[in-house]
Amino acid sequence: MKTFNLINPDRSDIRYSVMTFPDSQPHIKIDTASANILDKTEPLRILTRVSNANDLLLALFIKNTLDYWEFEKVELHISYLLAARMDRVMLDGEPFSLRVMAGIINQANFRKVKIFDPHSEVSTALIDRSYAITNHEYVSDVLTDYFAKNKGGDYALVSPDGGALKKIHKLAHYLNVENVVECMKERDVRTGALTSFKTTTENLSGQICFIIDDICDGGGTFAGTAKMLKEKGASKVILVVSHGIFSKGTKIESVDEIYSTDSFKPLEGLNCFGIEKYLY
Ligand SMILES: O=P(O)(O)OC[C@H]1O[C@H](OP(=O)(O)OP(=O)(O)O)[C@H](O)[C@@H]1O
């Protein structure tokens with residue numbers, strides 16, 4: 001499939017240049033010649049991060065031009081979906097932001113929408129003809145990379161909360177890993193504060209613990225979970241997230257090493273895997 005690549009412009013099958021008008025409107029100029037040589041009856045995907053509102057606008061502007069040129073099968077492949085966490089009304093007076101995002105995407109009438117490891121099933125429920133791409137292949141590559149660079153040993157996959165728990169057993173099955181540690185956390189939705197960390201697993205003596213989750217934002221979930229895992233004997237704690245926001249930086253207490261993709265933004269100072277391999 002041909003790709004209109006907003007993540008890595010050098011690998012785009014259609015060339016373009018992006019600019020911003022003085023009033024902050026994002027704008028794109030698409031190279032007509034590179035578009036005209038493509039077969040318009042074949043699928044074409046727009047590959048993009050939706051890390052902010054302008055990213056979404058640009059993708060929709062491109063779809064508008066591709067419609068005008070009569071490309072028949074345009075897909076949207078999203079590495080990170082803004083507002084996927086706001087998958088419900090958290091508190092009275094707050095919006096159901098994901099529903100708004102979904103409405104905007106739906107009106108553009110993409111043939112398919114693929115989303116890499118969305119926060120919950122609500123994204124694919126709300127967005128028409130959408131599919132979630134799991135983190136399975138990515139986590140498999142992480143384990144291979146980790147054990148190529150470090151001594152082997154007993155290890156466990158850890159789900160830090162209820163959201164991650166829904167995915168961890170399918171991942172463990174895919175990876176053929178038996179050892180899964182289920183954890184719970186409590187978050188006060190009024191303040192965002194994390195209030196408690198628990199697990200039913202008592203002894204993690206000598207275990208290398210891989211915490212698997214979709215997003216690392218401030219890192220509080222993982223500092224609290226890692227501290228608890230170490231108190232129960234874990235020899236190392238490795239954080240593996242699909243989407244690295246790292247709003248408070250990439251030093252997270254009690255976490256020994258971090259893996260992420262560049263789905264939200266390019267990252268330095270940790271193990272960062274390019275998202276393109278996993279989103280197709
Ligand atoms: O790095 P942090 O700032 O701790 O945030 C990361 C956590 O936040 C998200 O879950 P969230 O707490 O929104 O949970 P829920 O939607 O599953 O209730 C995400 O799935 C991580 O678990």
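A polar contact is a pair of N or O atoms within 3.5 Å, and within protein one of the two must be able to donate a hydrogen and the other to accept it. The exercises below apply to a predicted model.

**Exercise 1. Place Asn-5 in the fold, and find which side chain joins that of Asn-5 in a polar contact.**

Solution. Begin with the secondary structure, where Asn-5 belongs to strand β1, which spans residues 2-5. Turn next to the surroundings of the residue: the relative accessible area of Asn-5 is 0%, and Asn-5 is therefore buried, since that term applies under 20%. Finally, look for the partner, which is Glu-276, whose side chain is joined to that of Asn-5 by a polar contact of 3.2 Å.

**Exercise 2. Determine how many disulfides the model contains, and examine Cys-183 and Cys-272 individually.**

Solution. The test to apply is whether two cysteine sulfur atoms lie within 2.5 Å of each other. Under this rule the count is 0 disulfides. For Cys-183, the nearest cysteine sulfur belongs to Cys-209 and is 8.1 Å away, and Cys-183 is accordingly in no disulfide. For Cys-272, the closest cysteine sulfur is that of Cys-216, and because the separation is 13 Å, it is too far for a bond. The surroundings of the two residues can then be added: Cys-183 is buried, with a relative accessible area of 2%, whereas Cys-272 is partly exposed, with a value of 27%.

**Exercise 3. Describe where the ligand sits, which elements supply its shell, and which side chains offer polar atoms to its oxygen atoms.**

Solution. First locate the site, which is the largest pocket. Second, consider the residues around the ligand, of which there are 16, with His-119, Asp-213, Asp-214, Gly-219 and Thr-221 coming nearest. Third, assign the shell to secondary structure: β9 (180-187), β11 (208-216) and α7 (220-231) each contribute at least two residues, and the largest share, 4 residues, is that of β11. Fourth, inspect the distances between polar atoms. An N or O atom in the side chain of Asp-214 is 2.6 Å from an oxygen atom of the ligand; for the side chain of Asp-161 the corresponding distance is 3.0 Å, and a polar side-chain atom of Arg-85 likewise lies 3.0 Å from a ligand oxygen. As a last step, consider how far the ligand is enclosed: on its own it has 510 Å² of accessible area, and the protein covers 86% of this.

**Exercise 4. For the non-glycine residues Arg-129 and Asn-176, state the sign of phi, and decide where each residue lies and whether it is buried, partly exposed or exposed.**

Solution. Take Arg-129 to begin with, where phi is positive, at about 50°. This residue is in the loop that runs between α4 (122-126) and β7 (130-133), and with a relative accessible area of 39% Arg-129 is partly exposed. Continue with Asn-176, which also has a positive phi, of about 60°. Asn-176 is placed in the loop between α6 (162-175) and β9, and its relative accessible area of 70% makes it exposed.

**Exercise 5. Characterise Tyr-146, and state what distance separates its C-alpha atom from that of Glu-257.**

Solution. The element comes first: Tyr-146 is part of helix α5, residues 136-149. Its relative accessible area is 1%, and Tyr-146 is thus buried. As for the pair, Tyr-146 and Glu-257 are 111 residues apart along the chain, while their C-alpha atoms are separated by 9.6 Å.

Key. Residues are numbered from 1 along each chain as its sequence is written. This is a predicted model: local features need pLDDT of at least 70, side-chain atom pairs count only at pLDDT 80 or more; totals for chains, interfaces and linings use all residues. Side-chain values use heavy atoms; hydrogens and water are left out. Buried means under 20% relative accessible area, exposed over 50%, partly exposed in between (1.4 Å probe, protein chains only). A residue is near a molecule or strand if one of its heavy atoms lies within 4 Å of it. Accessible areas come from the Shrake-Rupley method with a 1.4 Å probe; for residues, only the protein chains shown count as cover. On a 1 Å grid over the protein atoms alone, a cavity is a set of points where a 1.4 Å probe fits but cannot get out, and a pocket is an open set with protein on both sides within 12 Å along at least five of seven lines; lining residues have an atom within 4 Å of a point. A molecule sits in a cavity or pocket if more than half of its atoms lie within 2 Å of its grid points.
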